Every structure is written in C-alpha cells, then in structure tokens.
Amino acid sequence: MSDSAGSPLRRLRSWLGPAAKTSLLNLGGYAALRTLTPSRRVAILRYHAICGEEGYSYADPMICITPQNFAQHVAYLASHYTVLGLPEIVARLHERKALPHNTVAITFDDGYADNLPAARVLHQHGLSATFYITAGCLHGEAPFWPSEVRYLVARASAGELRLRMPDQTTVLPLANGHDRQKAVRAINKLMKSNVIPVREDIRRQLREAAGHPGLPRHMLTWAELAEMRDLGMTIGAHTCTHANLPSAGLADATREITESKARLERELAMRVTMFSYPNGGAERYITPELKRIVADSGFAAAASSQNAFAGVHSDIYALERVEVEERLEDLVFALEVERFAFAPR
Ligand SMILES: [Zn+2]
C-alpha cells in the first residue's frame, strides 16, 4: 500500500512531539519493539543527496539529509539492525528464503557527488549500500536535468518565463522566490510528462532564459564511482538521462534501460544487476511493460518509489522502499512504529 497520509499512525507521528520521540529512542522503547515484534519484512531505505543547505541549488530540500544526520543514521543502523546488501536480499527473495529479522538495506538514487563521502561513512561502519547512478549524467557529461532546472530557474531574469511546446505555451511568473519554487515544480512536471526531444527543447529554452550559465559540479565522476565500487558499494542503474520512462516512448525507454546498464558495466568493469525507476510522485513512472523490459535486459531486481516495506509479497521488479527522514528519531519511528501501517499488498 502507499504512504497513507491520513492513517492513525501518520497522525500519531505528527502528534508525538520531537521530545517524546527522542525519549522513545533513548529509553529503549524501540529496542523492545524490535525484540517483541521483530520485522519480518525489509526496509529498503531510499536516500538521494547527503548535503545541507549548500546542496539546495542542485537538490530539492525534501531529498537532502545533512552529513551529520546521515552519520547518526548509519551508526544507529549498524548497531541495531541487520544491514544487508540489496543483491543478497534479492537473492533470498528470488529463492523465497526467509530474511533475518529487522533487516534494512540502504539505497541512493541519482549519483550526486556528495554520495562519495556517504559511501566512506558506510564503509567505516562495515556497511554497503546500493547507489543507483544516472549513467549519462556523471560529471562532465550531460547535465542531470532535475538539478539543472533548479539552477537555471534560480538564474532566469525576473518577469516571466515562456516555454513553447508543440501543443501549448506555458507562461510562468518569476517575480519572487515563491514563484521560482512553483516554476521549478511546473517545469519538472513538463520534463517528466513529455517525450525526450520535447524535454530537451524545454531545457534549451531554459538555458537561453538563464543566459547559458556554466553549471557547477554536483554529480560524481567516473573515478569517484570506481572508488565507491572499491569500497564495496553496489552500483546500480537509474537510466542514462533520468527519463520518465512511461513518457519517453518505448524505443527511448528501452535504450535508457539497456544503455545505462551497458555503460556502467563498461566503465566500471563489473556486472550491474540492480535498477531503480527514476521519478515517482504523482506522475506515472512505472508500467508492467517497463518492468518486463528491465527483467529482459538482465537486471535481477528493480526498486520503485512506493513508500512501503518489501518482503516475500513483493514484486522483485518493483521493490517498495522506505523514504528516509532527516532526523534519526523520525527515521526510527517510521521503521518501528509506522511499519505496522504498511500492510503488504
Ligand atoms: Zn532519481
């Protein structure tokens, strides 16, 4: 099931103050829950960027976790959960073998440069994670469009932004910061709902409106990715250009899936068997046909953005993940209390 915003447990989360959650954490309430009613499902955590405010120029604050909080998460997870690599979990799910109680897996989407220090923190704690990389958007290649849109909208001249598309012209006011936030959301929607050539034309118009500024570096380099591989991290594919696959058209969607795998395998000299579908949210980002293409391309599993726990009930090509919370108290609350609200499908 999806993240049921109106569920009693979700309401409990907002009703229970931060101090109460901190007490629960410190007084061993969660440890008791883990022992008395262990989770038989796996929480596949979904991270993106590990940065503070300095990262808001390239990532939505909603997907940023500060390095300080991330280090706390990792230390806590390492000492309170069975943290397994996703390939091992997938192998067990394929064989219908039970998972250890209270299993957690850690994943990252997109391939931000800030993921390298995160991988080092994981390595220091003896943990591994899966990093889903947008294989055509590493540093020095095509800019990663969700970051570029944020960057360009912040630099477009005040007034209004006119974006011409084959069937309509969208006019977005840019009078103040609030307008610009709204414009980023509107443009993201356009980028996700159009075929790739139209998406690229919107990007071209946006660059023109912003005066073609150089984009600062915010994605990983191939050398950094190789270092992460050498630290024992799993590298997965997240398409080549962060295409919204159902909108891309079948031929382009297939190319995005197969070429991202081939490129990563060639550059890193390793097999790539994990995939995650880009986007999510309100826009359709996954279809039965796409799942089949991912499976036929040789991936062993694919992760979705469906906010829930995974387990034997899961579709291996649409594994549910748990969206992470900034504060450790909220993350553990989701893992130990909200898990009762996530009923298997
Ligand atoms: Zn993504």
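## Strand 1 and its partners

Strand 1 and strand 12 (residues 319–323) run parallel and are joined by 2 bridges. Within that pairing, Arg46 has Glu323 of strand 12 as its bridge partner. This is a predicted model, so please read everything below in that light.

Strand 1 also runs parallel to strand 5, this time with 6 bridges between them. Two of the matched positions are easy to pick out: Leu45 is partnered by Ile106 of strand 5, and Val42 stands opposite Thr103. Strand 1 covers residues 42–47, and 6 of its 6 residues are buried. Val42, Ile44 and Arg46 point one way, while Ala43, Leu45 and Tyr47 point the other way. Both sets are buried, Arg46 included.

## Strand 5 and its other neighbours

Strand 5 is mostly covered too, with 8 of its 8 residues buried. Besides its pairing with strand 1, strand 5 is joined to strand 6 (residues 130–133) by 4 bridges, and these two run parallel. There, Thr107 stands opposite Thr130.

Strand 4 (residues 82–83) pairs with strand 5 as well, in the parallel sense and over 2 bridges. In this case Thr82 stands opposite Thr103. Thr103 is therefore a residue to click on, since under the DSSP bridge rule for paired strands it faces Thr82 and also Val42.

## The zinc site

Which residues supply the protein donors of the zinc ion? They are Asp110, through OD, and His238 and His242, each through NE2. The donors lie 2.1 to 2.2 Å from the metal. Along the chain their spacing reads D-x127-H-x3-H.

Are His238 and His242 buried or exposed? His238 is buried, and His242 is as well. As for Asp110, strand 5 spans 103–110, and 8 of the 8 residues in that strand are buried.

## The cavity and helix 14

If you like to look for internal space, the count here comes to 1 cavity of 30 Å³ or more. The largest cavity holds about 50 Å³ of space. Its lining is made of Ser39, Arg41, Ala43, Tyr81, Asn102, Thr103, Val104, Phe309, Leu335, Glu336 and Arg339. Strand 5 (103–110) and helix 14 (328–336) are the elements that give two or more residues to this lining. By class, the lining has 5 nonpolar, 3 polar and 3 charged residues.

Helix 14 is mostly covered, with 9 of its 9 residues buried. Among them are Leu335 and Glu336, both of which also line the largest cavity. The buried residues of helix 14 include Glu329 and Asp330 as well, alongside Leu328, Leu331, Val332, Phe333 and Ala334.

## Helix 4 and the loop before it

His73 is found in helix 4. It counts as buried because its relative accessibility is 0%, and the cut-off for buried is under 20%. Leaving out residues up to four places away in sequence, His73 touches Tyr47, Ile65, Glu325, Glu326, Arg327, Leu328 and Leu331. Of these, Tyr47 is one of the buried residues of strand 1, while Leu328 and Leu331 are buried in helix 14.

Thr66 sits in the loop between strand 3 (64–65) and helix 4 (67–80). Beyond its neighbours within four places in sequence, Thr66 is in contact with Ile50, Cys51, Gly52 and Glu326. Glu326 is also touched by His73. The C-alpha atoms of Thr66 and Gly55 are 9.4 Å apart, with their positions 11 residues apart along the chain.

## Two more buried side chains

Why does Lys261 count as buried? Its relative accessible area is 10%, and buried means under 20%. Lys261 lies in helix 12 (residues 250–268). Not counting neighbours within four places in sequence, Lys261 is in contact with Ala237, Val272, Ser297, Gly298 and Phe299. Lys261 and Arg271 are 10 residues apart in sequence, and their C-alpha atoms are 8.4 Å apart in space.

Thr170 belongs to strand 8 (residues 168–174). With a relative accessibility of 16%, Thr170 counts as buried. Setting aside residues up to four places away in sequence, Thr170 touches Leu161, Arg162, Leu163, Met165 and Leu190.

Methods:
Residues numbered from 1 in each chain as written. Predicted model: local features only at pLDDT ≥ 70, side-chain atom pairs only at ≥ 80, totals over all residues. Heavy atoms only, no water. Donors = N, O, S within 2.8 Å, 3.2 Å for Na, K, Ca; no water. Buried < 20%, exposed > 50% of the residue type's maximum accessible area, 1.4 Å probe, protein only. 1 Å grid on protein atoms, 1.4 Å probe; cavity = no way out; pocket = protein on both sides within 12 Å on 5 of 7 lines; lining within 4 Å. Points joined across faces, edges and corners; volume = space filled by probe spheres on them. Nonpolar A, V, L, I, M, F, W, Y, C, P; charged D, E, K, R; others polar. Contact = heavy atoms within 4.5 Å.
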